[in-house]
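Grab a coffee and work through these short exercises with the model open beside you. Try each task before reading its solution.

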Amino acid sequence: MSETDAVVDAAADVVIIGAGAAGLMCAATAAYRGRKVVVIDHAPKPGRKILAAGGGRCNFTNRDVSIENYLSQNPHFAISALKRFSQYDFIELAERHGIDYKERELGQLFCVGSSSEILDMLLTECEWAGVELKLDTRIEKVAYLGEESDNSGFTLETSGGKVVTTSLVIATGGLTLPEAGATPFGYELAKQFGLGVVAPTPGLVPLTLQPHDLKVVEKLSGIALRVEIATEGRAFRENMLFTHRGLSGPAVLQISNYWKPGQAITVNLFPDLDLLELLKDARDKRPKVELTAVLAAHLTKRVSHALCKLWGFEDTMASFSNDTLEEIAISFTAWRLTPSGTEGYRKAEVTLGGIDTAALSSKTMEAKKAPGLYAIGEAVDITGWLGGYNLQWAWSSGYCAGLFV
Ligand code: FDA
């Protein structure tokens, strides 16, 4: 026994840091190949974000997944992994485990029961494959096993002892939900081994408004409307929710991924009809009716009243000229707001940015300059839209790395 062996508490072929969606998928895949796999997580329980996903029903993937649904400095990086382990592969796995699911709007697939079925499935796969889970374990230091960067593996000093491994996988996720165990540890580790990190920021996050806009919006808090929101050439047509701090709901979370501080967003409150036509028709057929009443049928009374007051359109339909009707239509279909910021990591679903894909192989997820080191899931600079895309990236990237670690 060498001196190093004498102080080693565990030796593995693969150590995965993070027992979340990507880490568990990678672990089972590698262990089925006969690799000795240890997953280390500092949290007392695995998969906290899987449990929180989809409001407890886990929107585990989407029927239609394409590169269009992802943001990154290089979105094309994700193509290979998403093809190798696609949404259909995950659906097949879920079906094999008897998980009942249903499709909601925009191809989103949710559990009929609860998110825990997805986590249980992954833990069962890990158990069948022989993965060892070390929870409640802090990692204090990581270093190359050898003095030089000679691909001889890594040594980890943890609160549970010293572990040596040939392959090390960063699966520590992003910075959202700090109370559920999120840390920047993965980014720091990546930097330690010379990998670049694209500055992380909150994604899929509610937007806050400037005081003058908030004065109007906070009174509408709790009301949701179908809208189209656009910024810088991107548009999403889904529900928007007024809140005490600003705007939320699926449409807002989607656009938040593309919004940059200082930019305006444009809200079309009538995305599915020709508002000018509707207004002219109402003037012809119901001239004595107030504009607020005409719009209330689509917007709710409170929203219609608040916005007509804000823009000074408080009169009967007969009193409006063609030019004013055009002005009204523009106000309601191109409402420009400049958010003051976002609600931050506490309310965000994902983290934009992360470990630079330029440092990784898109086929194996291995670091080009640090052989034996891999990065998967949300820790990497690949961020999906709302709708099951982020978990699909976790499954796909985890599976791909699992084939090579
Ligand atoms: P994940 O965050 O799942 O796992 C990372 C693990 O690393 C955690 O267990 C953490 O404890 C551990 N870790 C972190 N630092 C560590 C350290 N220093 N030492 C040891 N361990 C460490 N996506 C989707 O597609 N559909 C959905 O319905 C939802 N819903 C949703 C709701 C909410 C509230 C949130 C916050 C997020 C979502 N998401 C989602 C996003 C999705 O949950 C997320 O993208 C994936 O869980 C990412 O998987 P990872 O395995 O990369 O990280």
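**Exercise 1. Find which residues aspartate 272 is in contact with, leaving aside its neighbours within four places in sequence.**

Solution, step by step:
- Start with the location: aspartate 272 sits in the loop between β16 (265-268) and α10 (275-285). Helices here are DSSP runs of H or I with at least four residues, strands are runs of E with at least two, and both are numbered from the N terminus.
- Now list the partners. Once neighbours within four places in sequence are set aside, aspartate 272 is in contact with Arg226 and Arg237; contact means heavy atoms within 4.5 Å.
- Zoom in on one of them: the side chains of aspartate 272 and arginine 237 make a polar contact of 3.1 Å. A polar contact is a pair of N or O atoms within 3.5 Å; within protein, one must be able to donate a hydrogen and the other to accept it, and residues adjacent in sequence count only if both atoms are side-chain atoms.
- Finally, check the backbone: glutamate 228 is 44 residues away along the chain, and its C-alpha atom is 8.9 Å from that of aspartate 272.

A word on the ground rules: this is a predicted model, where local features need pLDDT of at least 70 and side-chain atom pairs count only at pLDDT 80 or more, while totals for chains, interfaces and linings use all residues. Residues are numbered from 1 along each chain as its sequence is written, and side-chain values use heavy atoms, with hydrogens and water left out.

**Exercise 2. Work out whether glutamine 392 is buried or exposed, and what surrounds it.**

Solution, step by step:
- Glutamine 392 belongs to helix α14 (residues 389-404).
- Its relative accessibility is 1%, so it counts as buried. The cut-offs are under 20% relative accessible area for buried, over 50% for exposed, and partly exposed in between (1.4 Å probe, protein chains only).
- Look around it: not counting neighbours within four places in sequence, its contacts include Phe60, Tyr70, Leu82, Phe85 and Phe90.
- For a polar partner, go to serine 86, whose backbone oxygen is 3.4 Å from a polar atom of the glutamine 392 side chain.

**Exercise 3. Trace what the side chain of threonine 158 reaches.**

Solution, step by step:
- Threonine 158 lies in strand β9 (residues 154-158), and it is buried because its relative accessible area is 8%.
- Its side chain reaches the backbone nitrogen of glycine 160 at 2.9 Å.
- That side chain also reaches the backbone oxygen of glycine 161, at 2.7 Å.
- Beyond four places in sequence, threonine 158 is in contact with several residues, among them Ile40, Thr137 and Val163.

**Exercise 4. Find the positive phi values of aspartate 136 and glutamate 232.**

Solution, step by step:
- Phi of aspartate 136 is near 55°, which is positive in a residue other than glycine. Aspartate 136 is in the loop between β7 (132-134) and β8 (139-144), and its relative accessible area of 55% makes it exposed.
- Glutamate 232 isn't a glycine either, and its phi is positive at about 40°. Look for glutamate 232 in the loop between β13 (224-231) and β14 (234-242); at 63% relative accessibility, it is exposed.

**Exercise 5. Which residues are closest to the ligand?**

Solution, step by step:
- There are 32 residues around the ligand, and the closest are Ala22, Asp41, Thr183, Glu378 and Leu391. To count as near, a residue needs a heavy atom within 4 Å of the molecule.
- Glutamate 378 puts a polar side-chain atom 2.6 Å from a ligand oxygen.
- Alanine 22 uses its backbone: an N or O atom there is 2.8 Å from an oxygen atom of the ligand.
- Histidine 42 has a polar backbone atom 3.4 Å from a nitrogen atom of the ligand.

**Exercise 6. Summarise the whole protein.**

Solution, step by step:
- Count the secondary structure: 14 helices and 21 strands.
- Frame it: along the principal axes, the C-alpha atoms fill a box of roughly 95 × 40 × 35 Å.
- Check burial: of the 405 residues, 54% are buried.
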